[in-house]
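Got the viewer open? Let's walk through it one selection at a time.

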Amino acid sequence: MVTASASEPAVASSSAQTLLAALGQPAPAHTPFAEARFLKLLDRPLVVSGQLSWLGGDKLERRVDHPQRETATIADGEVTQQREGRHVRHFSLKRAPQLQVLLDSFVALLSGDAARLQQTFGIRQTGDARGAWTLTLVPRDPRVAKAVASIRIDGVRDQSRCMLMQEADGDLAVDLLGPLATRMPAEPTREALQTLCQGMP
Amino acid sequence: MRPGARATLLVLWLLALAGLGWVVSQRLRVSTDLRSFMPAPTTPDQRLLMEQVGDGPGSRLLLLSISGAPDAQLAGLSQGLVKALQHDRRYSQVLNGNFDLAALDSTLLPYRYLLSPTLDTQRLDEAYLRDQLQQRLDDLSSPAASLLKGLLPRDPTLEMLKLAERWAPAKSPELRDGVWFTPRHEALLLVQTLAAGFDPGAQQHAIDGIQHAFHALPGSAAAKLELSGPGYFSVVIGAQTRHQADWIGRISTVGFITLLLLAYRSITSLLLSALPIASAALAGIAALTVAFSEVHGITLAFGFTLLGVAQEYPIRVLSHRRAGEDALQSVRDLWPLLLTAIASACIAYLAFYASGVNGLKQLAVFTIVGLLVAGFSTRYLLPYLLPQRVRDVATMGWLIAARRWVDHLPRPRWIPLLVALAIVGMLAWAPGPFWQNNLAALTPVPPAMLRMTRACARRWVRRTCAICWCFRRPPRRACWRCRNSCSRRLTCWWRSMRSTRSNCPRVICPPSRCNANGNSGYPIAPRLSRRCTELCKACHFAPTCSSRSLTTWKRRVGCRH
């Protein structure tokens, strides 16, 4: 299904559309995830794991099970954060452009909506003969691009394996998705995750 | 005087005027700030009032509404306008309801711990700090990370967010598509200008900027932008007054010239009689530019009106001169009378100087210099230029006939009685109250515009700020206690006022340099520093981050180390 070779990137080609259509699932779709965040603020990465769910429409739920239970729901333009033993926190999606980007890319990926993805991002696709592919999404809105430089999604055939959000200030969030979620190293490094994402299952 | 000498004198006079004109054009700086026409404040109350009137947030606020298009388009225009104006140096804040942490005044950041109530009840001890840092770690792994990341290094306990929540009004306009809207489908914006509210020139500049930015937005042609607020009023009043003054000025100039031509029937006399007044005006302005750094626009406008008195001096010379009489002799005879008039007018205008109000002082300097120059040039220069011979208009046939006609008009004795009755009737049946006590009635702002502003302001707040408590320069040591007690007192007072549905009072502490180490929740600096470094390390905050946060803490809290 992936036709372009690694050396010739295609710009939102019909192959990208075919790929996205193949990735689409009916709502609700759930996938386990493990996330490592490399922040300049911290001297080691933050690792959390849990489950990501697309509940249909613009509703996304991010449930964290480790190290502490916390549920964040994005619905109707509002983010609701629930943490054990704390007050529920609400804020508008408008206050966090990164989250809007995350929502757009996730919902579009899970629903297989290539048109929506193309509206928000410039899309570049590369792939190889074994069926591994990489989608690089660059936000079109310059205001969003000031916060999020790019999103990279790695996958094999009809499965996304990794999502990397490169923030403009150098911080990086790596989400291992699906079966890969269980393979998060105890002390991850950028390089180790990179190899993990691009390796074959 | 020989014709050659006359021409030389005229040329020299004109050259002197041109020279003065050049000096004035080089040095004159016109200001439009109306506060220079108010007396200088002497007591703290007066100073506060003057500060608030001119530079207070209320007077620098412009209220904007955009209407006449579908909501989504209006919201887009509102966002576009904010984007266009927010980096413009003419405006200190542009708000449309779209919350942004950057909208919080960054000058408050250094005082976050003084302003926020956290440390009133909470000690900044190890347990609290550890809990806070752990929560921030959780925040960083949550979707809110991107929101808080920028704030964390300087504000690890998120006091700015607490302040934002505390200061958010109890009732704010409805949010649609992320921006403020009225129930009547108008998008609302607040723009705070850097310029003082009563500086019409600078406000005009700011308003032009807003309108220009609005019309440059795509899709703005269909929508309507309306402005309101003190700054806008000062611009409207300025334009209205200027328009009326221009109009009245034109009529009176034409009337005056016609009258002079009719009386003296000599263009030469007319032009020559303009020379003393022109000299007076230029000399007056030149004196102002020497004595003051800025000249107020009103001084010039009003000063020219007062200087109109000086036009009388050449007219007296022209009128008193009999046919066949020498101009110089005529002026010499007239001089004692003229000098008395000049001196008395100067003494009257000197009273302006004693007022102590800067604008009036300028007015006094301008008029007195002007009157003296007009008087002395009428006495010592003008007679040498006047034509040798003049015609006595009294011998003209049609004038004698006109005089006779006026003399023969009937003079009925009942006319004064009728006029008196009419006046009494007007007083008795005049509409409106006989005695007007409302100061607001003095404003030249159109009533419809005032109504709109009141309605507009009501959409933001239920009640306007009525009471302002100000504590001036508390003793350094007592600052912290003062903040606490003032906060407590206000809360008490607010509880007692609750039935009236007033908004909760906001405690806004002045950025005073105070050492809060005393009785506050702050630990002594070195201890805090050591503890914080350990905690940050335990929570895996990078050393660069913790040291940056600490130095700002130390500096801002007023630590001595």
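Start with chain B, which has 22 helices and eight strands. Keep in mind that this is a predicted model. Color chain B by burial: 28% of its 561 residues count as buried. Switch on contacts next, and among those in chain B with a separation of 6 or more, 79% join residues 24 or more positions apart.

Now select residues 200–216 of chain B, helix α9. Its 17 residues reach 24 Å from the first C-alpha to the last, close to the 24 Å expected at 1.5 Å a residue. Show side chains for B:Pro200, B:Ala202, B:Gln203, B:Ala206, B:Ile207, B:Ile210 and B:Phe214, the buried residues of this helix. Look down the axis of α9(B): the buried residues fall within an arc of 165 degrees, so they line one face of the helix. An α-helix has 3.6 residues a turn, so residues three or four places apart point the same way.

What do the buried residues of α9(B) pack against? Add β2 (61–67), α3 (71–85), β3 (91–95), β6 (187–193), β7 (224–228) and α10 (230–264) of chain B to find out. Then flip to the face turned away from the buried side, where B:Asp208, B:His212, B:His215 and B:Ala216 are exposed.

Hop over to chain A for the largest nonpolar core, 45 residues, where A:Leu103, A:Phe106, A:Val107, A:Cys162 and A:Leu176 have the most contacts inside it. Helix α2 (residues 97–111) of chain A gives the largest share of this core, nine residues. Zoom in on A:Val107: leaving aside residues up to four places away in sequence, it touches A:Trp54, A:Asp58 and A:Leu60.

Last stop: a second, separate core of 35 residues, including B:Val179, B:Trp180, B:Ile207 and B:Leu225. You've already met B:Ile207, one of the buried residues of α9(B).

Methods
Residues numbered from 1 in each chain as written. Chains lettered and ligands numbered in written order. Predicted model: local features only at pLDDT ≥ 70, side-chain atom pairs only at ≥ 80, totals over all residues. Helix = DSSP H or I, 4+ residues; strand = E, 2+ residues; numbered from the N terminus. Expected span 1.5 Å × (residues − 1). Buried ≥ 20, exposed ≤ 12 C-beta atoms within 10 Å, placed from the backbone. Arc of directions from axis to C-beta. Contact = placed C-beta atoms within 7 Å. Core = buried A, V, L, I, M, F, W, Y, C linked by C-beta atoms within 7 Å.
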